[in-house]
Amino acid sequence: MKPHVDLKTRSAAIAPFRRWQLNLFVFPALCIAALLTAAACPAQSLRQAASQIGLLVGTAVNPRLFSNPDYAGTLAREFNMVEPENVMKWAATEPAEDRFSFGPGDEVVAFAEAHDMKVRGHNLLWGVYNPAWLKQGHFTPKQLRRIMKHHIQTEVSHYRSKVFAWDVVNEAIDAKGGMKHSIWYDQPGIGLSGKGTAYVARAFRWAHAADPKALLFYNDYDAEGINAKSDAIYAMVKDFKRRGVPIDGVGLQMHLFKLHQLPSGVAANIERLAKLGLRVHITEMDVALPINAEGEADAASLAEQANIYHQMAAICARHPACAAFQTWGFTDKYSWIPGSTKGKEGAGLIFNAAYQRKPAYTAVLDAFTAEAKADPAIKEQRLAAR
Ligand code: XIL
């Protein structure tokens with residue numbers, strides 16, 4: 001179905017396409033000239049810059065917005081990976097017991113296939129965002145175990161060979177490094193309560209059985225640098241590797257809410273995970289800023305935000321085990337931050353609400369481009385590690 005857009009909006013939406021198409025002609029000429037002089041081709045988009053260093057650059061998406069030309073155009077031009085923000089979560093995929101709904105997730109897959117992008121799946125198991133029937137079902141541990149297995153098997157099988165990487169378990173560990181209370185762990189749990197990470201391992205084994213080729217990730221927040229939580233995650237995944245639990249990587253969400261409190265030791269954390277033979281994906285980056293009533297941030301905080309994006313993108317670009325850099329949405333028009341901070345914070349992404357590139361966009365592009373120049377071998381190393 002064609003979206004209805006009036007003529008004014010339509011020409012405004014087409015204008016960036018025209019510029020972009022023009023670039024398609026100008027770019028090869030520049031690029032051929034650059035090749036003749038042995039210089040690197042200047043990247044025209046994030047996805048081009050990322051592919052020069054073998055990196056996936058992604059964003060969370062909402063398939064309901066694919067009919068918006070600004071949204072779809074920016075997405076296809078700038079990213080080579082997408083992850084559904086909500087539509088592959090439990091509440092969306094199994095809204096009633098054993099009644100699965102994969103339509104919106106399938107739209108994400110179709111968009112990705114049409115634009116040569118990879119799909120990250122998010123997520124199979126989480127303590128929140130679960131449907132009422134599951135939360136209030138008063139199931140026994142034995143019943144819950146069967147429900148969990150069936151859900152993981154059904155969803156992973158449905159997306160076999162379409163979703164290349166899954167967040168199998170989301171946010172299972174607390175700030176002190178202990179297991180979080182949840183229906184899966186101990187309320188009532190699947191029969192493994194008090195047994196630490198055993199239920200997490202179960203989820204990974206079931207996911208692997210359903211698609212042995214998919215890359216399987218544990219994903220969490222506030223565990224980007226070195227702290228009690230990331231130490232616990234490190235200990236868990238080290239134990240999984242030792243015992244042959246099928247895990248391929250760790251997702252560092254990177255939701256940054258405090259401008260002046262950056263996570264410390266991010267490179268060191270990536271390095272220790274890499275030494276275990278794991279990959280790292282930056283999965284949900286945004287940098288929340290104080291906003292005014294119009295939802296706008298001031299120039300100084302936008303500059304500081306750009307600086308933070310640059311640092312984190314550079315750390316990822318530099319490490320061959322950091323295979324993907326993803327933001328939690330791309331336009332400030334659609335971001336979870338205002339909704340989760342009562343409108344106090346927002347403007348956390350790399351495009352503004354009018355789809356214009358923010359300083360943060362240029363900062364990420366520069367970080368990728370600089371890495372391509374600094375270490376031309378990084379691409380092969382990353383592809384080999386991935
Ligand atoms: C958020 C979505 O952005 C919101 O739209 C939804 O209402 C709640 O979930 N960590 C995660 C994501 O792993 O799934 C969350 O996404 C943000 C925090």
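Me: How far does a polar side-chain atom of H122 lie from an oxygen atom of the ligand?
Reply: In this model, which is a predicted one, a polar side-chain atom of H122 lies 2.6 Å from an oxygen atom of the ligand. The protein as a whole covers 79% of the 410 Å² of accessible area that the ligand has on its own.

Me: Which residues come nearest to the ligand?
Reply: There are 13 residues around the ligand, and of these E85, K89, H122, E284 and W328 come nearest. For K89, a polar side-chain atom lies 2.8 Å from an oxygen atom of the ligand.

Me: And what does E171 do there, which ligand atom is its polar side-chain atom paired with?
Reply: With a nitrogen atom of the ligand, from which a polar side-chain atom of E171 lies 3.1 Å away.

Me: How does the shell around the ligand divide into nonpolar, polar and charged residues?
Reply: The shell holds four nonpolar residues, five polar ones and four charged ones. As for the site itself, the space taken by the ligand is the largest pocket.

Me: Back to E171, is it buried or exposed?
Reply: E171 has a relative accessible area of 15%, and because buried means under 20%, E171 counts as buried. The residue is found in the loop between β4 and α8, and its backbone deserves a look as well, since E171 is not a glycine and yet has a positive phi of about 55 degrees.

Me: What about A172, where does that one lie?
Reply: A172 lies in that loop between β4 and α8 too, and at 2% relative accessibility A172 counts as buried. Along the chain A172 and G127 are 45 residues apart, while their C-alpha atoms are separated by 7.4 Å.

Me: Which other residue, M254 for instance, has a positive phi, and what is the value?
Reply: M254 is a residue other than glycine, and its phi is near 70 degrees. M254 is found in the loop between β6, residues 249–252, and β7, residues 255–256, and at 0% relative accessibility M254 counts as buried.

Me: Changing topic to peptide bonds, what is the geometry from H122 to N123?
Reply: That peptide bond is cis, with omega near -15 degrees. N123 has its place in strand β3, and H122 is the residue already mentioned for the polar side-chain atom that lies 2.6 Å from an oxygen atom of the ligand.

Me: And what about the bond from Q187 to P188?
Reply: The peptide bond from Q187 to P188 is cis, with omega near 10 degrees. P188 is found in the loop between β4, residues 165–170, and α8, residues 198–210.

Me: Now helix α3, why would one call it largely enclosed?
Reply: Helix α3 spans residues 69–78, and eight of its 10 residues are buried, so the helix is largely enclosed by the rest of the structure. The buried residues of α3 are Y71, A72, G73, T74, L75, A76, R77 and E78.

Me: What caps the N-terminal end of α3?
Reply: N68 does, with a side-chain oxygen that lies 2.8 Å from the backbone nitrogen of D70.

Me: How far apart are A76 and H115, in sequence and in space?
Reply: The two are 39 residues apart in sequence and 6.1 Å apart in space, taken C-alpha to C-alpha. A76 belongs to the buried residues of α3, whereas H115 is found in the loop between α5, residues 103–114, and β3, residues 118–126, and counts as partly exposed at 29% relative accessibility.

Me: Next, R272, which side chain does its own side chain contact?
Reply: The side chain of R272 makes a polar contact with the side chain of N269, at 2.9 Å. R272 is found in helix α10, residues 266–275, and at 16% relative accessibility R272 counts as buried.

Me: Last one, where is D286 found?
Reply: D286 is found in strand β8, which covers residues 279–287, and D286 counts as buried at 0% relative accessibility. In sequence D286 and L256 are 30 residues apart, and from C-alpha to C-alpha they are 6.1 Å apart in space.

How values were computed:
Residues are numbered from 1 along each chain as its sequence is written. This is a predicted model: local features need pLDDT of at least 70, side-chain atom pairs count only at pLDDT 80 or more; totals for chains, interfaces and linings use all residues. Side-chain values use heavy atoms; hydrogens and water are left out. A residue is near a molecule or strand if one of its heavy atoms lies within 4 Å of it. A polar contact is a pair of N or O atoms within 3.5 Å; within protein, one must be able to donate a hydrogen and the other to accept it, and residues adjacent in sequence count only if both atoms are side-chain atoms. Accessible areas come from the Shrake-Rupley method with a 1.4 Å probe; for residues, only the protein chains shown count as cover. On a 1 Å grid over the protein atoms alone, a cavity is a set of points where a 1.4 Å probe fits but cannot get out, and a pocket is an open set with protein on both sides within 12 Å along at least five of seven lines; lining residues have an atom within 4 Å of a point. A molecule sits in a cavity or pocket if more than half of its atoms lie within 2 Å of its grid points. Ala, Val, Leu, Ile, Met, Phe, Trp, Tyr, Cys and Pro count as nonpolar, Asp, Glu, Lys and Arg as charged, and the others, Gly among them, as polar. Buried means under 20% relative accessible area, exposed over 50%, partly exposed in between (1.4 Å probe, protein chains only). Helices (H or I, at least four residues) and strands (E, at least two) are DSSP runs, numbered from the N terminus.
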